[in-house]
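Hi everyone, thanks for coming. Please pull up the structure on your screens, and we'll walk through it piece by piece.

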Amino acid sequence: MPIDAAKALAADPRHGEIGWDHKDIQLYHLGLGAGRPATDPDELRYTLESKLHVLPSFATVAGAGMAMMGGLAAPGIEINLANVLHGGQSIELHRPIPVKGRATSTARVAALYDKGKAAVVVLRTEVADADGPLWTSDAQIFVRGEGGFGGERGPSVREELPERAPDRVEERHIREDQALLYRLSGDWNPLHADPEFAKTAGFDQPILHGLCSYGMALKAVVDTALGGDVSRVRAYRTRFAGIVFPGETLRIRMWEEPGRVLVSVTAAERDDAPVLADTVVEHA
């Protein structure tokens, strides 16, 4: 059987040491489109080392994806990576991420859900430094053709958007070269760079990383609804609902509620095709 849920859930966590400094932070921010205009004081917080703060979604690239690849190699999980899709992502911040740090990353399979024709593997990474916990990150990995192992179906998390008009609508253009820059933060999947590979996957051209859209949306919320203060973010979650291409524009709608912002992200040029759904930023 490709998936042995009991074995995977009982497996020992995988530990690793990760580190980062201002160059990793700046590269990540630039990969999200930060720095336009280059001399804007609000953008310098993302690009200039003397003013730098860290967008919380950096947690998804710190350690260059150790959790996802390590988790999918866990005991009890034998799957074809061609059948793997990143279905959703969440992060919980225990305190602001420092500009420079070294930390211990602990990764494990936190849950396995049986969707019938597919499986969902929840890979959890907990990161702590000498001062204590920094963040917890969950990647929901959808594996086609690997259901039917007899597990629970798991929760169905859907966020109903208010019927009223959004409080804010922001548009963020994706540069033609943005996927090439973003992948330098650690996701080397050729789907985001090689036109021939993209065609074999059924796309006319390379697509943008889902986690790049994830970071761009959070930056838009921080810059507008949260007054530019990254330290206010407590948690951030989304479901990857569709793709977007470099050269297109993300339309980011926000509904502000006490303690949280509900977000919808679509591809503006393709009749608002869904990109991110069930997206929530919890904040102080």
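**Strands, bridges and cores**

Let's start with one pair of residues: Glu170 sits opposite Ile252, which belongs to β8. Before I go on, please keep in mind that this is a predicted model.

So, what are the strands around that pair doing? Strand β6, residues 168–173, pairs with β8 in the antiparallel sense, over six bridges. β8 also has β9 as a partner, again antiparallel, and there the count is eight bridges. If you want a spot to click on in that second pairing, try Trp255, which stands opposite Leu262 in β9. β8 and β9 form a hairpin with two residues between the strands, and Gly259 in that hairpin takes a positive phi near 80°. And is β8 mostly covered or mostly open? It's mostly covered, with seven of its nine residues buried.

Back to Glu170 for a second. Glu170 forms a salt bridge with Arg172, and their closest N and O atoms are 3.0 Å apart. How exposed are these two? Glu170 is partly exposed, at 21% relative accessible area. Arg172 is partly exposed as well, at 22%.

Now, how many salt bridges turn up in the whole structure? The search finds 20. Let me pick out a few of them.

Take Asp278 and Arg239, which form a salt bridge with the closest N and O atoms 2.7 Å apart. Asp278 is in strand β10, residues 273–283, and Arg239 is in strand β7, residues 233–240, so this pair ties together parts that are 39 residues apart in sequence. Buried or exposed, you ask? Asp278 is buried, with a relative accessible area of 13%, while Arg239 counts as partly exposed at 29%.

The next one joins the side chains of Asp272 and Arg251, at 2.8 Å from N to O. This pair links distant parts of the chain: Asp272 is in the loop between β9 and β10, Arg251 is in strand β8, and they are 21 residues apart.

Let's stay in that loop, since there's some backbone geometry to look at. Asp272 isn't a glycine, yet it has a positive phi of about 55°. Asp271 is in the loop between β9 and β10 too, and its phi is near 55°, a positive value in a residue other than glycine. How exposed is each one? Asp271 is exposed, with a relative accessible area of 76%, and Asp272 is partly exposed, at 24%.

One more on charges: which residues are linked in a network of salt bridges? They are Glu159, Arg237, Glu257, Arg260 and Glu282.

Okay, on to the helices. Helix α7 covers residues 210–224, and here's a little check you can do yourselves. At 1.5 Å a residue, its 15 residues should span 21 Å, and the end C-alpha atoms are 22 Å apart, which agrees. α7 is also mostly covered: 13 of its 15 residues are buried.

Where do those helix residues go? Let's look at the nonpolar cores. The largest has 52 residues, and the members touching the most others are Trp20, Phe58, Trp135 and Val281. Of all the contributors, α7 gives the most to this core, with nine residues. Zoom in on Trp20 and you'll see its contacts include Ile25, Phe58, Ile97, Pro98, Leu134 and Trp135, leaving aside residues up to four places away in sequence. Apart from that core lies another one, of 15 residues, among them Ala74, Val84, Val143 and Phe149.

Last stop: Arg45, which you'll find in helix α3, residues 41–47. What does Arg45 touch? Not counting residues up to four places away in sequence, it touches Lys51, Leu52, His53, Asp223, Gly227 and Gly228. With Gly228 we can be more specific: the backbone oxygen of Gly228 lies 3.2 Å from a polar atom of the Arg45 side chain. For a sense of distance, Arg45 and Ala110 are 65 residues apart in sequence, and 35 Å apart in space, C-alpha to C-alpha.

And a small detail to finish. Pro37 is in the loop between α2 and α3, and the peptide bond from Arg36 to Pro37 is cis, with omega near -5°. That's my tour, so over to you for questions!

Terms used
Residues numbered from 1 in each chain as written. Predicted model: local features only at pLDDT ≥ 70, side-chain atom pairs only at ≥ 80, totals over all residues. Heavy atoms only, no water. Helix = DSSP H or I, 4+ residues; strand = E, 2+ residues; numbered from the N terminus. Contact = heavy atoms within 4.5 Å. Polar contact = N/O pair within 3.5 Å; in protein donor to acceptor, adjacent residues only side chain to side chain. Salt bridge = Lys/Arg side-chain N within 4 Å of Asp/Glu carboxyl O. Buried < 20%, exposed > 50% of the residue type's maximum accessible area, 1.4 Å probe, protein only. Expected span 1.5 Å × (residues − 1). Pairing = 2+ DSSP bridges. Core = buried A, V, L, I, M, F, W, Y, C linked by side-chain atoms within 4.5 Å.
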